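Visitor: I would like a short tour of this structure. Where should we start?

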Amino acid sequence: MPDAPKKLFIKTYGCQMNVYDSERMAEALGGNGYEQVGTPEEADMILLNTCHIREKAAEKVYSELGRYKGLKAANPDLKIGVAGCVAQAEGAEILRRQPLVDLVVGPQSYHRLPEMEAKLRDGGTALDTDFPEELKFDHLPGARKATRGPTAFLTVQEGCDKFCAFCVVPYTRGAEVSRPVSRVIAEAEALVAQGVREITLLGQNVNAYHGPDGSGTWGLARLIRRLAEISGLDRIRFTTSHPRDMDDDLIAAHGDCEKLMPYLHLPVQSGSDRILKRMNRGHTAEAYIRLVERIRAVRPDILMSGDFIVGFPEETEADFQATMDLVAEVGYGQCYSFKYSARPGTPAAERPLVDPAEANDRLHRLQALLARQQQQAQDAMVGKEVGVLFEKPGRLPGQMVGKSDHLHAVHVTCDAAPGVLARVKITESGPNSLGGMLV
Ligand code: SAH
Ligand code: SF4
Ligand code: F3S
């Protein structure tokens, strides 16, 4: 008789790339007889897929690990692993500091998880935080497990060579690499064959994509145009982009590629040239604004999204005002904003901090402006007709909810099945979602 499946619980933190990685890790461990479960209590293995972008990220992981002490005491065979960006940053220190942990694996080496897991069965620990020569994607199980809904993530690029002065990603994810064109196409086709209708291409700098194909390389726009030829695939998105890598072809694609959705996450971080320079962003506020104008010239209804950091070392009130001015000029539909926090090992961590009360005050002012813009962008959809890809039942009986072309959540009273893409007339705008009816 085959062994009963072992149970794997994965908790995912951080960005969408971690969400994608968690799915791949579950598939890799599937070959070792694991199936995924929803709670740590029933698990034979717990994996934390961690993020290192926020302050005290490592401390939070240690305190989360401490909570599993009782489970491990009750089940000495329980294995506990730490994956992701904190695993990369802390490495062997995790095994030293928290004896509950059996396994530490970095974001570029998790294709080796099956061997590592096998090693644990002999009672040892396993550590791998290499940046291997081989691409993990080429060594993972080819077939993806059945996806849960009509939308899916697909990582096409990883790592970063930009070294913004505040950021840990180049250290935790390593150098920028792009997956080969043929692999991406094959994975997209497999997803569509399973019923996926919308794919979001992922990368820390996804628009720097330069995937090898035979002797040459393809940029992101060429890849998007090729994926758009897959019949049954209705929508393509990509995230996250860097302003410096927004080339002419990609701008043009926003105008002429119908399947490319009118939403662009293009972080600028600050509106002050002095601060942008100290951040090592490699662009000015003016260049960013001109770039947005060029994109809007080909796709006037595009919804702009971004990331901001306030209270970066040496940011003055005038620098902050420049950020507020940039926001007012661009007009965003959706943004993330953060108070700067020093990440050990990054260049900015050596510099004097802005007074925390001042930084908090700026963050509140910026967030108030961004919230107003977000509401305005949402309200402006009322009366318009948009595409909605239905994903699941809504809160009220008889209701379905899905995402609009512009990534707004839309509630519609109808019996459309998940995966149906319909035209919807927007009739109302609530605090966090739109309401509408089928056209
Ligand atoms: N690759 C993406 C960003 C990845 S990190 C890009 O270049 O845009 C996601 C966001 O976290 C960043 O855009 C930034 O706004 C924020 N962030 C990163 N490091 C930070 C830090 N030390 N303090 C505050 N916010 C930070
Ligand atoms: Fe971090 Fe900058 Fe690279 Fe984005 S571009 S991942 S913010 S270093
Ligand atoms: Fe976090 Fe690593 Fe993503 S630090 S944001 S999980 S790349």
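Visitor: How many bridges join strand 17 to strand 20?
Guide: Keep in mind that this is a predicted model. Strand 17 covers residues 385-393 and strand 20 covers residues 421-429. The two run antiparallel. Leucine 389 has leucine 421 of strand 20 as its bridge partner. The number of bridges joining strand 17 to strand 20 is five.

Visitor: Which residue in strand 21 is the bridge partner of valine 424?
Guide: Strand 21 spans residues 434-438 and pairs with strand 20 in the antiparallel sense, over five bridges. Strand 20 and strand 21 form a hairpin, with four residues between them. The partner of valine 424 in strand 21 is leucine 438.

Visitor: At what angle do helix 8 and helix 9 pack?
Guide: Helix 8 takes in residues 181-193, helix 9 residues 220-227. Their axes are 11 Å apart, and the crossing is right-handed. The packing angle is about 35°.

Visitor: How do the residues of that contact of helix 8 with helix 9 divide?
Guide: Helix 8 brings Val181, Val184, Ile185, Ala188 and Glu189. Helix 9 brings Leu223, Arg226 and Leu227. The contact divides into six nonpolar, no polar and two charged.

Visitor: How many residues of the shell around ligand 3 are charged?
Guide: The residues around ligand 3 are Cys15, Asn18, Thr50, Cys51, His52, Ile53, Cys85, Arg173 and Gln204. Four of the shell are nonpolar and four polar. The charged count is one.

Visitor: And how many residues of the shell around ligand 2 are nonpolar?
Guide: Cysteines around ligand 2 include Cys160, Cys164 and Cys167. Phe163, Phe166, Val169 and Pro170 are also among the residues there. Two of the shell are polar and two charged. The nonpolar count is seven.

Terms used:
Residues are numbered from 1 along each chain as its sequence is written. Chains are lettered from A and ligands numbered from 1 in the order in which they are written. This is a predicted model: local features need pLDDT of at least 70, side-chain atom pairs count only at pLDDT 80 or more; totals for chains, interfaces and linings use all residues. Side-chain values use heavy atoms; hydrogens and water are left out. A residue is near a molecule or strand if one of its heavy atoms lies within 4 Å of it. Ala, Val, Leu, Ile, Met, Phe, Trp, Tyr, Cys and Pro count as nonpolar, Asp, Glu, Lys and Arg as charged, and the others, Gly among them, as polar. Axes are lines fitted to C-alpha atoms, for helices over the stretch in contact, and angles run from 0 to 180 degrees between N-to-C directions. A crossing is left-handed if the near helix is turned anticlockwise from the far one by less than a right angle, and right-handed if clockwise. Contact means heavy atoms within 4.5 Å. Two strands pair if DSSP finds at least two bridges between them.
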